[in-house]
Amino acid sequence: MATPVPNGIHNKILDNVVRTPGRVPSPQPTHLSVPGASHHNHSQILHEKGSGYVAPKFEGKERQMEEVMDQLEDKGFIPPDFVETETKWFYEQLGIDDMYFQTESVEALVNHILSLYAAKVAAYARDDKRLEIRLDKEAADHAVYIDTSKPGISVMDGPQYEQRIDEKYLSVKLEDASPCYRVESFRSSSPLPGGTEQQLRCYFVYQCEFANPNVTPNESDITKIGEKRWLQKATKNTKEIYQELMNKAIGRSGPVIEYLDVESSREKRLIVAYKRGSALGLFSALSDLYHYYGLTSSRKYVEQFSNGFSVMSLYLRPATGTDGISRFPAIEASIHQIIKEVSLLYCIPQNKFQAHFASGRLSLQETIYAHCVWVFVGHFMNRLGSEYHALESQLDTSNTVHAELLSKLKRRLRTETFTADYILEIINQYPDLIHSLYLAFANTHYVQARGEQDDFIPTLSYLRLQVDKVPDDEQLREMISTAAINEHHEMVMTAFRVFNGATLKTNFYTPTKVALSFRLDPSFLPEAEYPQPLYGMFLVISSEFRGFHLRFRDIARGGIRIVKSRSREAYSINARSLFDENYNLANTQQRKNKDIPEGGSKGVVLLDYPHQNKARESFEKYIDSILDLLLPPTSPGIKDPIVDLYGKPEILFMGPDENTADLVDWATEHARARGATWWKSFFTGKSPKLGGIPHDQYGMTTLSVREYVTGIYRKLELDPSKVRKLQTGGPDGDLGSNEILLGNERYCAIVDGSGVLVDPNGLDRQELVRLAKERAMISKFDIKKLSQEGYRVLVEENNIKLPDGEVVRNGTTFRNTFHLRNGSMYDVFVPCGGRPESIDLSTVGKLITNGKCVIPYIVEGANLFITQDAKLRLEKAGCIVYKDASANKGGVTSSSLEVLASLSFDDAGFIENMCVRHDGTIPAFYNEYVKQVQDVIKRNARLEFEAIWREHQETGTPRSILSDTLSVAITKLDEELQETELWDNGELRRNVLSDALPNLLLEKIGLDTIMERVPDNYLRAIFGSYLASRFVYEYGISASQFAFFAFMNKRMVQLRK
């Protein structure tokens, strides 16, 4: 990891802060201040006594109590003189309402009272005389938990009932079919006997029964979406409060947080509304939060609504004995701090340093900051070190034995050096360092939004550490060096300084958010491992996922993919390779974007292992939190201004990728709803009704791949119908299905997510076409249409005997490694799907026999399917290989032209000409434009194929190297051309743009209007990429300056004509 950028108290670039009038730095930003939007809450007073709930009167309560006492006397465990007092204490002193007594049986009540009495008796037998009561009962449709606790103190041991309620009853995902539950919790009004300040806390959990279970997500009428018990018990005032809250929540991405003053009392009612299942662990984490400020709750409620929202309501008051203690702010001040921090808690309810927070050792902000840096360190700490690079310089990387040794060593070093658990263990040992490092981070990124109106709250950490000053970077370096007990510990804690120095902007202090996002300066990355410098990096962290977005140019485009993990082991592997995979994908995108104005970018979202079913929620949080850093704030108290050390506007162009194709419409609409002026171009691959051009429907990616496949056939005069073909990525995918539909080879094997389908005599063409049109996996193939030598093995099958007698022990393993066996059966291999690095230097030897590659031709349709060193080994063994950066560029060309159309049209023109009507009517312009896009894709692919073929024939350089060299030559020349005086030549500029832009756009809108609407830097990029690609395709990779002069001279002559 490189030396951190100094980032102390003196380096705030306040001129770059997005400001509002009167915005000034906080005097000591250890904690957040009062949110501006909450000032209106001072006038909100709860004008009603009690809880806001009125349980229907249980008419049989007195009779039930008599039956309970009778049974208690019969059992004989409680002395007769105490039966009545113990029973009345249970019925009248614990704050339990009539619904509980109406729900429970007499036998259950007797058992509860006996358990409580037994706990009291047991306390006298203890040396410490401590009274501990632990009672839990879990039935099919309800549960009861009763526990002793001291007000205002988080219980670090014991049964952890709140965590159990969170995990078992409140972790229901929105679309889960399983029932959801409401919770009521009460604290006894008086301490238990013994003078220990212990009180009883009761929790009652009830399965929800909705009056209208099937409502739309946008339904907000409380009377329609409420749960039957709640509708019966809630007072009119409570229903009005919840209705107002629900109206706000429907239109909000994150939580809605409000509080009310309880009339004639210092008690505050805190209410939080959020989408059910979006913040697992929040119920128990809230207790740690208000305990941190010396508060306790008298009552707590969790209500569920059939539109998918949850609402938590907490009645907070100072804990006994804490009021007036100087280290705790008054409740009138701390309630504002709690409101602001609930937003942070919502993003990561249970962070990795929760124990430090629950014990009061660190604040919530400090622990969540440490959690984020822990994630950061996990991705950038497993670096190779100087010893590896010294060894690499001594070995011959062109020697396959040496190269394979280095490859294995690199993989092992990155796996074993710093594991996530080891990093966590180290960080946990340095809470004081965390505090100091957080102070430096907060001092840079926290700015008060409304000047003197934004009262700074002297929070617990502030009062405890007000004598400290914010350390500068040199002081932090010295503190870390002094405190760390060894070199590894110093490296990990130094990474905090790197993180602080790299963070250019963050939504950490935004009042409402759904995940934490950081715009990082990527210059800390070691050049030896990442030779191509990144332009921009975003890191997004939530309780369900972590993700990156990387780009190599200011104007860049690439897809967003979601990575899922089948097992914990798979998750560990995916987590370790997440950043490198993202970097390599973006780098590949950069190389394949040679024909278009945008550079390469990519976003990868890794779902945490327990949240594999949270793809949609994670994508929405990822997008929304990145938008926090791209859009100016428009809602004070909801989206406040942030410190922006980057200091320039940023626009990201995104598209669909693995597991996100059905989510891009939401992203487009969401950007529009949040006021992004560039919403039309934010995402490509959206549905046609939003102006998108679906790659799969029109075969955009496959058109480019097919040009390379048919190019090989054309050059070698091969009959496609006699070519035996292997394909990974089946008929259910975009590339796989269109490859089947557009090709006419003899398919001998297809591998997809469901398994392996093989027939040496050729798979039935009509059956494959049927699957491709239905987008069905090979598991749906009619196996009656296989020959006697054909077979199918699905991933869930084991011990399957093949026609040749071989037994497949494990279907998943067979599927994962099938592309490495029986290569002599095929003439061409077209990977259209599969994980990156499916063929690497350690496995490529299985495709080589006696120095000769057993598959003569490979066109890499799937991104990064084969590592570069493996490609070179295959080419050395005689295989004709065209790599992904060349073959798989049809989709990016289509997306670029989709972006261009959205930038060229105004909103009205875009809707009229590019948006398919709701009745399915396709605008005539749209149809013609799609055809023109397809022509451009095929033309660009053919030009590059011919250039690489010609260059290989002349120089003998491997095609895999030529592909990269050609990409670098074009992109380098492109960037140079954008900065030359050629752009300033108005006539030349118009001439080049007239050739580069689609004729249809020019005819419909006109060049002058397009030049007015499209951003200048985007037009420059079109100008540079068009000239650069045409020159290199025509004159070759190593053409001289004289050749470029001749190239431009021809254009100038044409211009004068």
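## A helix to start with

Let's begin with helix α38, which covers residues 1016–1035. From the first C-alpha to the last, its 20 residues reach 29 Å, close to the 28 Å expected at 1.5 Å a residue. How much of α38 is buried? The count is 15 of the 20 residues, so this helix is largely enclosed by the rest of the structure. Right after α38 comes Gly1036, with a positive phi of about 100°.

Keep in mind that what you're looking at is a predicted model.

## The whole chain

Now take a step back. The chain is 1057 residues long, and 60% of them count as buried. Along the way there are 39 helices and 27 strands.

How do the contacts spread along the sequence? Looking at contacts with a separation of 6 or more, 72% are between residues 24 or more positions apart. As for the outside, the accessible surface of the chain comes to about 41500 Å². Carbon and sulfur atoms account for 50% of that surface.

## Strand β4 and its two partners

Next, find strand β4, residues 181–187. This strand is mostly covered, with 7 of its 7 residues buried. Its residues point in two directions: Tyr181, Val183, Ser185 and Arg187 go one way, while Arg182, Glu184 and Phe186 go the other. Whichever way they point, all of these residues are buried.

Which strands pair with β4? One is β5 (residues 199–207), which runs antiparallel to β4 and is joined to it by 7 bridges. If you'd like a spot to look for, Glu184 has Phe204 of β5 as its bridge partner. Another is β8 (residues 295–304), paired with β4 in the antiparallel sense over 4 bridges. Here, Phe186 has Arg299 of β8 as its bridge partner.

## Around β14 and β15

Strand β14 takes in residues 556–563, and 8 of its 8 residues are buried. It runs parallel to strand β15 (residues 599–607), and 6 bridges join the two. Val563 sits opposite Leu606 of β15 in this pairing. To get from β14 to β15, the chain goes through helix α20 (residues 568–592), making a right-handed β-α-β crossover. Strand β14 also runs parallel to β16 (residues 653–656), this time with 4 bridges. Look for Gly558, which stands opposite Met654 of β16.

What about β15 itself: is it enclosed or open? With 9 of its 9 residues buried, β15 is largely enclosed by the rest of the structure. Besides β14, β15 is joined to strand β13 (residues 545–551), and those two run antiparallel with 7 bridges between them. In that pairing, Leu550 has Lys602 of β15 as its bridge partner.

## A seven-strand sheet

Further along the chain, 7 strands come together in an open sheet with mixed pairing. Reading across, the order is β20-β19-β18-β17-β23-β26-β27. Why do β20 (791–794) and β27 (880–882) each have a side without a neighbour in the sheet? They stand at the edges with a single partner strand each, so one side is left free of a sheet neighbour. On average, and ignoring direction, neighbouring strands of this sheet are turned by 10° against each other.

At one of those edges, β20 pairs with β19 (residues 755–758) in the antiparallel sense, over 4 bridges. Within this pair, Val756 stands opposite Val793 of β20. Helices pack on the sheet too. Helix α25 (residues 700–716) touches β17 (724–728), β23 (828–831), β26 (857–859) and β27, and its direction makes about 155° with that of β26. Helix α26 (residues 734–742) touches β17, β18 (746–752) and β23, and its direction makes about 160° with that of β17.

Conventions: Residues numbered from 1 in each chain as written. Predicted model: local features only at pLDDT ≥ 70, side-chain atom pairs only at ≥ 80, totals over all residues. Heavy atoms only, no water. Pairing = 2+ DSSP bridges. Axes fitted to C-alpha atoms, helices over the stretch in contact; angles between N-to-C directions. Contact = heavy atoms within 4.5 Å. Buried < 20%, exposed > 50% of the residue type's maximum accessible area, 1.4 Å probe, protein only. Right-handed = clockwise from strand over helix to strand, strands pointing away. Expected span 1.5 Å × (residues − 1). Areas by Shrake-Rupley, 256 points an atom, 1.4 Å probe, with all protein chains shown as cover.
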